[in-house]
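Look over the chain and the copper site. Then work through the questions.

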Amino acid sequence: MKKSLLLLSLLCVATQLIRAGDITGTITLKGTPPAERELSPIRDNPDCSAMYPAALPKTKFYVVGSGGELADVIVYLKGVPSASTGASASPVVLDQKGCLYSPQILAVQTGQKVIVKNSDPCVHNVHTKPGANSEQNQVQMPNGADLTFTFDKPEPFLKFQCDVHPWMFAWVSVFDHPYFAVSGPDGKFTIKNVPPGKYTLEAAHRKLGTKDADIEVKDSGASQDFTFEVK
Ligand SMILES: [Cu+2]
């Protein structure tokens, strides 16, 4: 009898350990955001302007679909205990292509590698401008070896910039847990394998600020949408 109780309690513990659900949702923008600006300094740079024989690229502050689907929103659990799995997580790639960073908004865990590539025929200088983490500054030649960056501390929208091309920016949000996602061009996000429980879910857009929601994640997961507004 005692043995079967022990087995039962072990089974319960094991089941709890593997119980987890996904948080899914859609981010929507109401209203018309400010027009994006042409990156006109590119015109004065022969290396970069050669890559844009027609129109110059524009800023990507608000990446919005025709139905208001809002991309580049970081969605994450707020106030959860530190539990980074970054050291064993797959690296995230940040490319420099067409004298722009791609992607311009990304998110990683502490200790997770950010591999910076240079796909351009010109030199770039990758310079981080962190708040909580230490500053890093490395030159990268055309076809140069990949650079690797990692960050020790959580920090929202840590800025990457290129000192050669002053219009080049990317923003990397760093978390000390794996429970975050970035909304895609369809406005959708999925945070995978969240243990059941009650949480505060926060959505952050670099220009539009943050929105919070209290949610309960069950075995079957949870769903939470966010709507941002520009007036
Ligand atoms: Cu550059």
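**Strands, copper site and salt bridges**

Q: Which residue in S17 does Leu29 stand opposite?
A: Helices (H or I, at least four residues) and strands (E, at least two) are DSSP runs numbered from the N terminus. Strand pairing requires at least two DSSP bridges. S1 and S17 (residues 226-229) run parallel, joined by four bridges. Opposite Leu29 in S17 stands Phe228.

Q: What kind of model is this?
A: Residues are numbered from 1 along each chain as its sequence is written, and side-chain values use heavy atoms, with hydrogens and water left out. Local features need pLDDT of at least 70, side-chain atom pairs count only at pLDDT 80 or more, and totals for chains, interfaces and linings use all residues, the model being predicted.

Q: Which residues of strand S1 point to the buried face?
A: In a regular strand, side chains alternate between the two faces of the sheet. Buried means under 20% relative accessible area, exposed over 50%, partly exposed in between (1.4 Å probe, protein chains only). In S1 (residues 21-30), Asp22, Thr24, Thr26, Thr28 and Lys30 point to one face and are not buried. The buried face carries Gly21, Ile23, Gly25, Ile27 and Leu29.

Q: Which residue in S13 stands opposite Thr26?
A: S1 and S13 pair in the antiparallel sense, over five bridges. Within S13, Thr26 faces Lys188.

Q: Where does the side chain of Ser183 reach a backbone oxygen?
A: Ser183 sits in the loop between strand S12 (180-182) and strand S13 (188-194). Its relative accessible area is 3%, so Ser183 is buried. Beyond four places in sequence, its contacts (heavy atoms within 4.5 Å) are Ile27, Leu70, Ala71, Asp72, Val73, Lys188 and Phe189. At 2.8 Å, the side chain of Ser183 reaches the backbone oxygen of Leu70.

Q: What is the arrangement of the donor atoms around the copper ion?
A: Donors are N, O and S atoms within 2.8 Å of the metal (3.2 Å for Na, K and Ca); water is not among the atoms, so sites may look incomplete. Here the protein donors are His124 (ND1), Cys162 (SG), His165 (ND1) and Met168 (SD), at 2.0 to 2.7 Å. Four donors count as tetrahedral if all angles lie between 85 and 135 degrees; four count as square planar and six as octahedral if opposite donors are over 155 degrees apart and all others between 65 and 115; anything else is irregular. The angles run from 94 to 133°, so the arrangement is tetrahedral.

Q: Is Cys162 buried or exposed?
A: Cys162 is a copper donor through SG. Its relative accessibility is 2%, so Cys162 counts as buried.

Q: How many residues apart in sequence are the parts tied together by Asp219 and Arg19?
A: A salt bridge puts a side-chain nitrogen of Lys or Arg within 4 Å of a carboxyl oxygen of Asp or Glu. Asp219 and Arg19 form one, with the closest N and O atoms 2.7 Å apart. Asp219 lies in the loop between strand S15 (209-217) and S16, Arg19 in the loop between helix H1 (2-18) and S1, so the pair ties together parts separated in sequence by 200 residues.

Q: Which residues are joined into one network by salt bridges that share partners?
A: Glu202 meets Lys78 in a salt bridge at 3.0 Å, N to O. Asp212 meets Lys78 in another, at 3.2 Å. Shared partners make one network of Lys78, Glu202 and Asp212.

Notes: Polar contact = N/O pair within 3.5 Å; in protein donor to acceptor, adjacent residues only side chain to side chain.
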